[in-house]
Amino acid sequence: MSPADHVYTEADVREFFDQTLQTYLAFWDSTGVLHTGYFTGDADDDYWAAAGRASDVLIADASIDRSSYVLDAGCGCGNFLVDVAKRVGCRGEGLDLSEERINFARAKLDRENQRQELRIGFRHGSATRMPYRAATFSHVISQDALCLVPDKPRSHAEMYRVLRPGGLLAFSDFLQPKKQISQRAREHVYDRVRWNGGYSFVGYQAALVEAGFEIILARNLESHIRQTYRVLGKVARDRAVTAPDAAARDWMLAFSESCREIQTAIDHGEFGWGMFVARKPETPTR
Ligand SMILES: C[S@@+](CC[C@H](N)C(=O)[O-])C[C@H]1O[C@@H](n2cnc3c(N)ncnc32)[C@H](O)[C@@H]1O
């Protein structure tokens, strides 16, 4: 499904993330983490530690503490919020387009709450129509999710609306460094996750400013996404050898092949990754 002019809708994205939950749980991470890792260097091949480090960088950049009220936009299986609420005791809400993933997050929260009552909750919904009042949150965070929204100005406006004046938006996201994308990159990087395309590193900051935000911090982290897919491609190849059935083996080998193509796309400037922190002004301009 890759005619060059195909535009994925929210319904396409939702279907993809509902349908692939079990596949990703079985292969990528059994707890449901699904984002790019932040590696210590080229020799570091521990994806799971790197994925945790990516969350730690956001928590530190955004100065999240017990007094924070955090929205995770595109929270997936809820790991970020559960983890940060356990660590610092903040309040929080997780919002995701995939009902399957929200159900998974709620079940995880139920288990956690038997040990320690966390001040967080999860809701099914879209970043383009947030079920929250204006000026609710001190922080909006997001990991590798906002790129998937077809109408990005709309989700930017929603995040701006639900943040309190002075509140912080801190997120990681996929980047589209150059406008023209080859057919191979489209197939292996973009269509693979129903992604229409995104911003360059500079273009992202301009879009946030256009939405009313002030840019606090921007990190261009292309080497970390290359390392993520290098490491996961190897994991997939190794696991394919002991896959339980032919379908699982074929899926892992196809994923591993895509990982090679993804690294090529990064080298060609067709794919990237960044982290950004932006502030809603104390005196909002809109
Ligand atoms: C790559 S996963 C990341 C999940 C999670 N942030 C993590 O780090 O594990 C992207 C997530 O974005 C969600 N998503 C995509 N479009 C969305 C939208 N318009 N509103 C809310 N969530 C969305 C998907 O359902 C999916 O769970």
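## Working through a predicted model

R194 sits in the loop that runs between α7 (183–190) and α8. Keep in mind that this is a predicted model. Here are some exercises to help you find your way around.

**Exercise 1.** Work out whether R194 and A135 are buried or partly exposed.

*Solution.* Start with R194. A residue is buried if 20 or more other C-beta atoms lie within 10 Å of its own. R194 has 20 such atoms within 10 Å, so R194 is buried.

Next, take A135, in the loop between β3 (120–124) and β4. A135 has 14 C-beta neighbours inside 10 Å, so A135 counts as partly exposed.

One more thing to spot in the backbone: R194 has a positive phi of about 60° without being a glycine. A135, also not a glycine, has a positive phi of about 60° too.

**Exercise 2.** Check how the radius of gyration of the protein chain fits a compact globule.

*Solution.* First, count the chain: 286 residues. A compact globule with that many residues would have a radius of gyration near 19 Å. The protein chain has 18 Å, which agrees.

Then look at the extent: the C-alpha trace spans about 55 × 45 × 40 Å along its principal axes. Into that go ten helices and seven strands, and buried residues make up 43% of the chain.

**Exercise 3.** Find which residues have the most contacts inside the largest nonpolar core, and which strand gives the most to this core.

*Solution.* The core has 80 residues, and V140 and L169 have the most contacts inside it. Strand β5 (residues 163–175) gives the most, with seven residues.

Now zoom in on L169. Leaving out residues up to four places away in sequence, L169 touches V140, M159, L163, F213 and A278.

As background, nonpolar side chains in soluble globular proteins tend to be buried together.

**Exercise 4.** Find what the buried residues of α6 pack against.

*Solution.* Begin with the helix, residues 152–162: its buried residues include H156, M159 and Y160. The buried residues of α6 pack against β1 (69–73), β4 (137–143), β5 and α8 (201–210).

**Exercise 5.** Describe the shell around the ligand by class, and say which residues come nearest.

*Solution.* Of the 23 residues around the ligand, the nearest are F17, H35, G74, G76 and A145. Two elements, α1 (10–19) and β2 (91–96), give two or more residues to the shell. The largest share, three residues, comes from α1.

Sorted by class, the shell has eleven nonpolar, eight polar and four charged residues.

Conventions: Residues are numbered from 1 along each chain as its sequence is written. This is a predicted model: local features need pLDDT of at least 70, side-chain atom pairs count only at pLDDT 80 or more; totals for chains, interfaces and linings use all residues. A residue is near a molecule or strand if its C-beta atom, placed from the backbone, lies within 6 Å of it. Helices (H or I, at least four residues) and strands (E, at least two) are DSSP runs, numbered from the N terminus. Ala, Val, Leu, Ile, Met, Phe, Trp, Tyr, Cys and Pro count as nonpolar, Asp, Glu, Lys and Arg as charged, and the others, Gly among them, as polar. A nonpolar core is a set of buried Ala, Val, Leu, Ile, Met, Phe, Trp, Tyr and Cys residues joined through C-beta atoms within 7 Å. A residue is buried if 20 or more other C-beta atoms lie within 10 Å of its own, exposed if 12 or fewer, and partly exposed in between; C-beta atoms are placed from the backbone. Two residues are in contact if their C-beta atoms, placed from the backbone, lie within 7 Å. The radius of gyration is taken over C-alpha atoms; the globule rule is 2.2 Å times the number of residues to the power 0.38.
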